[in-house]
Amino acid sequence: HAAPGGCPVSTQAQAFDPFAAEYLANPAAALQWSRDQEPVFFSPQLGYWVVSRYEDVKAVFRDNVTFSPSIALERVVPPSDEAMETLKRYNYQMNRTLVNEDEPAHMERRRALMEHFLPENLAAKEDMIRQLTRQKVDAFVDSGRVDLVEAMLWEIPLTVALHFLGVPKEDMDALKEFSVAHTVNTWGKPSPEQQLKVADAVGRFWQYAGTVLEKMRREPDGTGWMHHAIRMNAEIPEVVTDSYLHSMMMAIIVAGHETTSLASTNALKLLLSDRLVWERICKTPELIPNAIEECLRLEGSVVAWRRRATRDTEIAGVAIPAEAKLLIVSASANHDSRHFENGDFLDIYRDSAAEHLTFGYGSHQCMGKNFARLEMRIFIEELSRRLPHMRLSEDQQFSYLPNLAFRGPQQLLVEWDPALNPERSDP
Ligand code: HEM
């Protein structure tokens, strides 16, 4: 498939553009050619090697020594000099967290910070999440039409994440701006003008994270994961370092809520697109957990992640040089029919649904995965119980924030006839 003229980069690889509307709308479909013909290719536009098949993506995730996660939060597009100046003014120094830390530091830190994510600690959050969800649904259940993102799917995951972290629930609107800026700064391709705005917001986010951290340090008995991390920082400062705390404070606010908001939006969009599936779920809520896995597989909120080769190596027979940067496209892997029979097809009964790579795989696999699953389950349980007759509004276009990693529609309009709400006939 090499291009004419003997160039080793094929025409399709040359044309690959992960910021193009077609790719943003459906990354798995846009990489079908790659899964079929060229599962590992170099993208000259991006400067990354792209990996698109299930087995290969999983193998890269699995070997985090050959394929270091150190570039996971690196800017895809290097900032302009002006943007750098702005960031410097805010003393911005995003560094290692967990997700981009190498071994052996990573495992020691992960172990020291695991406890709060254990199932028994998550179960204790269920009532709180359900309460919040019911309040939000109460507010719109009689209205007949709502944007689910605005009405609940953005705010609840943020509230829950802040609660989990022990971060004060102030400045929620600023956090919206900050999260978008962090995503565009890290995984986007901002224009020169956008870069300046984004750099300013990221700088303010960095300062905000520092201020919150200082405030939390003065509350030695505070509860929540970041308080735990602060205590571990005092106990084992060489494992849970100062630099880690500040970087993590910023990264986790985004990781803990944006991903879950987008995953919930994707899932509801997908389930409501197939009336039969939605009706089955409404009738049999026990189907929800596996349906969630199938939604995370088909329409995950993280579509790709990054690794750097630490030595000359190969993937599926393709030579990869040391220092090569890799874009491992989980969204493509998750649709790979070599692993998932009829990979593009929504099957809420699929036994292997949970084998998706949306949470990554191996030693860095998402620590918050069960948290996200819990929130998604509660949202879908409450909505399917109270608004089984809800439908996607027909007059809507879905738009996606242009970036390499996070994916989900920015709004999700649904409508229903409030006169038919089940609670009116059976309150
Ligand atoms: C790591 C996705 C929700 C905390 C990751 C990674 C991915 C991911 C792809 C990197 C995995 C790897 O390198 O193998 C997601 C998705 C979510 C979600 C799709 C929602 C649907 C959350 C939540 C939290 C969280 C709610 C916290 C409350 C973390 C942490 C790591 C991580 C701490 C770093 C783990 C490590 O490097 O050892 N997540 N995440 N995530 N996630 Fe999530």
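Begin with the second largest cavity of this predicted model, which has a volume of about 80 Å³. To see its walls, select Arg75, Val77, Pro78, Pro79, Ala83, Leu87, Val184, Asn185, Pro190, Gln195, Val198 and Ala199, the residues that line this second largest cavity. If you colour them by class, you will find nine nonpolar, two polar and one charged. Next, show the helices α6 (81-89), α12 and α13 (192-217), each of which supplies at least two residues of this lining; the largest share, three residues, comes from α13.

Now widen the view to the whole structure, which holds three cavities of 30 Å³ or more, and move to the largest cavity, whose volume is about 840 Å³. Its lining is made of 43 residues, and to find the centre you can select Val99, Ala255, Thr259, Cys366 and Met367, which are the closest to it.

With the centre marked, bring up the elements around the largest cavity: α7 (105-112), α11 (155-165), α12 (172-187), α15 (242-272), β5 (305-309) and α19 (369-386) each supply at least two residues of its lining. Give α15 a colour of its own, since the largest share of this lining, nine residues, comes from that helix. Colouring the lining of the largest cavity by class instead shows 27 nonpolar, 13 polar and three charged residues.

For the last stop, colour domain 1 (1-62 + 303-357) and domain 2 (73-300 + 364-425) separately, and ask where the largest cavity lies with respect to them. Both domains give residues to its lining, so the largest cavity lies between domain 1 and domain 2.

Note on methods. Residues numbered from 1 in each chain as written. Predicted model: local features only at pLDDT ≥ 70, side-chain atom pairs only at ≥ 80, totals over all residues. Heavy atoms only, no water. 1 Å grid on protein atoms, 1.4 Å probe; cavity = no way out; pocket = protein on both sides within 12 Å on 5 of 7 lines; lining within 4 Å. Points joined across faces, edges and corners; volume = space filled by probe spheres on them. Helix = DSSP H or I, 4+ residues; strand = E, 2+ residues; numbered from the N terminus. Nonpolar A, V, L, I, M, F, W, Y, C, P; charged D, E, K, R; others polar. Domains from an automatic or database assignment.
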